[in-house]
Structures are given as C-alpha cells and as structure tokens.
Amino acid sequence: MEQEQVRIVGTTDDLADLAERFPAGTPVQIDAEEIEPGSSAGWSVVARAELLPVGELGGLAAPGEPIATGEADAEGNRPLLFTPVLVLQSRKLATPGRVGPAARAADPCLRRDDAYERIERDGDATLYLMEVLEAVENLRDETDGVATDRDRLLHPAARRHLASAVDALKAARAAVNEATRFGNVCELIRGADHDDAWAEEIEDGQPCDPAGLHGMLVDLPGGPAGQPACPVHAELAGRRVPGATVRPNPHA
C-alpha cells in the first residue's frame with residue numbers, strides 16, 4: 001500500500017488484504033475522526049500507510065520523545081529512523097464509497113487547535129475565528145435548549161441562571177462574529193504596543209486589506225524603518241502620525 005493512499009475498509013476481507021501488504025509486526029494506529037466538506041454519507045472506516053518516527057526505546061516516538069537514529073555514514077551523519085504504520089480512521093464521506101480529497105477534524109476542539117496553528121503558518125486567523133464563532137453558537141443553542149427544560153429536570157434557579165447565560169452567549173456570539181472581520185493583520189499593527197501613543201490612531205478599528213498586507217512600507221518616528229503595512233493602515237499612519245513616511249513596498 002502506497003504511503004498516503006487512502007482506502008475504504010468495509011469488511012474483514014478488506015482488512016485482511018491490507019494486513020498482507022505490510023510486514024509482520026507493523027504497528028497499527030487509530031487517527032482522529034474527520035468529516036469531509038458537504039458530507040451526506042454515513043461514517044466509514046478508512047486506512048492509509050504512513051512512515052512515522054521510531055523512538056529511542058524502539059516503539060513509535062511519542063510527542064517530544066527523541067527519535068532513534070541509524071548507523072553513521074562515512075561522514076558521520078546518523079539518519080533518523082522511521083517505520084511503516086497502518087493508520088485506521090473513522091471518516092464521514094461526502095460521496096458514499098469514495099474518499100474525498102479533503103476533510104477536517106470531527107472534534108471541534110481539534111479543529112480550533114489546527115486552525116490556530118495555521119495562523120502563524122498562513123498569516124490568516126479567519127478560519128480560527130470562524131471555528132470560535134461556531135463553538136459559541138453551538139453552546140448558545142445547547143444552553144438555550146436546557147434552560148427551557150421542558151422535562152422539568154432542573155432546579156428553577158438553575159433555569160434562570162442558564163437563561164441569563166443565554167443572553168450573555170448571544171452577546172458573545174455578536175462579538176465573535178464582529179471579530180471575524182479582522183482575520184488578517186499587517187505587520188505594522190501586529191507589532192503595535194497599546195502603550196504607543198500612535199497605536200490606536202493607526203489601527204482605528206479598521207480591518208486590514210487582505211490583498212495588500214505587505215503592499216506598503218511605513219517609517220514611524222522612533223520605530224523600526226520599513227515596516228510592512230496594508231494600504232488601509234499605511235494611509236492612517238501617514239495622515240495621523242507626525243513625521244511618519246509611507247512608500248510602496250518594491251518587493252510586494
């Protein structure tokens with residue numbers, strides 16, 4: 001079985017056929033559940049082959065555990081050791097009988113963790129903010145349903161406090177929804193310190209222009225030269241900060 005090739009495992013025969021493709025003693029791992037975009041089919045078990053690092057104790061390396069190395073080559077370099085692993089996963093498919101090209105974690109906590117890690121890599125917090133919005137909406141709806149307590153399972157005071165919580169969650173939902181407008185941030189205001197006299201003047205509650213996050217360069221008095229900025233906040237800096245200079249970024 002080729003690495004990263006994903007196959008549906010529908011029967012024990014499928015599983016036995018997969019096992020024959022691996023050396024005896026190959027480790028098996030269970031991965032987190034995933035849901036494909038537009039999923040309408042039921043859950044399926046899928047399998048794929050991966051190469052995972054071997055720990056110094058001989059098993060699969062745990063997070064943070066040193067990776068074992070092989071024999072040194074002529075130049076003294078020791079290669080890191082990896083081993084094939086059969087990975088099984090529960091996946092909700094968009095099309096019955098076919099594994100789609102993309103999926104996201106079924107666990108919303110994992111989705112938020114993944115989305116947060118992408119902020120540093122991609123420079124865009126929109127996905128993370130949308131995940132937070134969905135979490136707040138789900139908690140609001142759940143709390144609202146429990147507060148109604150049609151089966152009268154809760155203390156009346158608990159119902160009243162939950163009703164108050166619903167109001168707070170509605171306000172939280174509105175606040176997070178507004179936050180989703182600010183998924184992108186240019187370097188000029190990312191590095192702004194709230195103690196700086198000009199910080200609020202430049203930021204001004206305005207979203208960055210995602211199409212030109214590095215389109216301009218701004219020099220602020222007493223600050224580093226040539227800070228990349230989007231056109232929105234570069235214009236605000238040039239207009240509101242005495243002595244600031246703004247110019248196009250020739251490398252954008």
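Contact here means that heavy atoms lie within 4.5 Å, and the exercises below apply this to a predicted model.

**Exercise 1. Determine which residues I202 touches, and place I202 within the nonpolar cores.**

Step 1. Leaving out residues up to four places away in sequence, I202 touches L188, I189, L220, H233, L236, A237 and V241.

Step 2. I202 is listed, together with C186, L188, V218 and L220, among the residues with the most contacts inside the largest nonpolar core, which has 17 residues. Two or more residues of this core come from each of helix 5 (187-190), helix 6 (199-203), strand 7 (216-219) and helix 7.

Step 3. A second core, separate from this one, consists of 7 residues, including V9, F22, A49 and L88.

**Exercise 2. Describe the surroundings of C230, and decide whether C230 is buried or exposed.**

Step 1. In the chain, C230 occupies the loop between strand 8 (227-229) and helix 7 (231-240).

Step 2. Buried means under 20% relative accessible area; the value for C230 is 0%, and therefore C230 is buried.

Step 3. Once neighbours within four places in sequence are set aside, the contacts of C230 are C186, C208, D209, G212, L213 and M216. As for E187, its C-alpha is 8.3 Å from that of C230, although 43 residues separate the two in sequence.

**Exercise 3. Compare R152 and D204 in backbone angle, location and exposure.**

Step 1. R152 is not a glycine, yet has a positive phi of about 55°; D204, likewise not a glycine, also has a positive phi of about 55°.

Step 2. R152 sits in the loop between helix 3 (126-148) and helix 4 (156-179), whereas D204 belongs to the loop between helix 6 and strand 7.

Step 3. With a relative accessible area of 56%, R152 is exposed, while D204, at 33%, is partly exposed.

**Exercise 4. Work out why the protein is described as more spread out than a compact globule.**

Step 1. The secondary structure of the protein comprises 7 helices and 9 strands. For 252 residues the globule rule gives 18 Å, but the radius of gyration is 26 Å, well over that value, so the protein is more spread out than a compact globule.

Step 2. The C-alpha trace spans about 75 × 70 × 35 Å along its principal axes, and 27% of the 252 residues count as buried.

Step 3. Among contacts with a separation of 6 or more, 62% join residues 24 or more positions apart.

Step 4. The protein exposes about 15700 Å², of which carbon and sulfur atoms supply 53%.

Notes: Residues are numbered from 1 along each chain as its sequence is written. This is a predicted model: local features need pLDDT of at least 70, side-chain atom pairs count only at pLDDT 80 or more; totals for chains, interfaces and linings use all residues. Side-chain values use heavy atoms; hydrogens and water are left out. Helices (H or I, at least four residues) and strands (E, at least two) are DSSP runs, numbered from the N terminus. The radius of gyration is taken over C-alpha atoms; the globule rule is 2.2 Å times the number of residues to the power 0.38. Buried means under 20% relative accessible area, exposed over 50%, partly exposed in between (1.4 Å probe, protein chains only). Accessible areas come from the Shrake-Rupley method with a 1.4 Å probe; for residues, only the protein chains shown count as cover. A nonpolar core is a set of buried Ala, Val, Leu, Ile, Met, Phe, Trp, Tyr and Cys residues joined through side-chain atoms within 4.5 Å.
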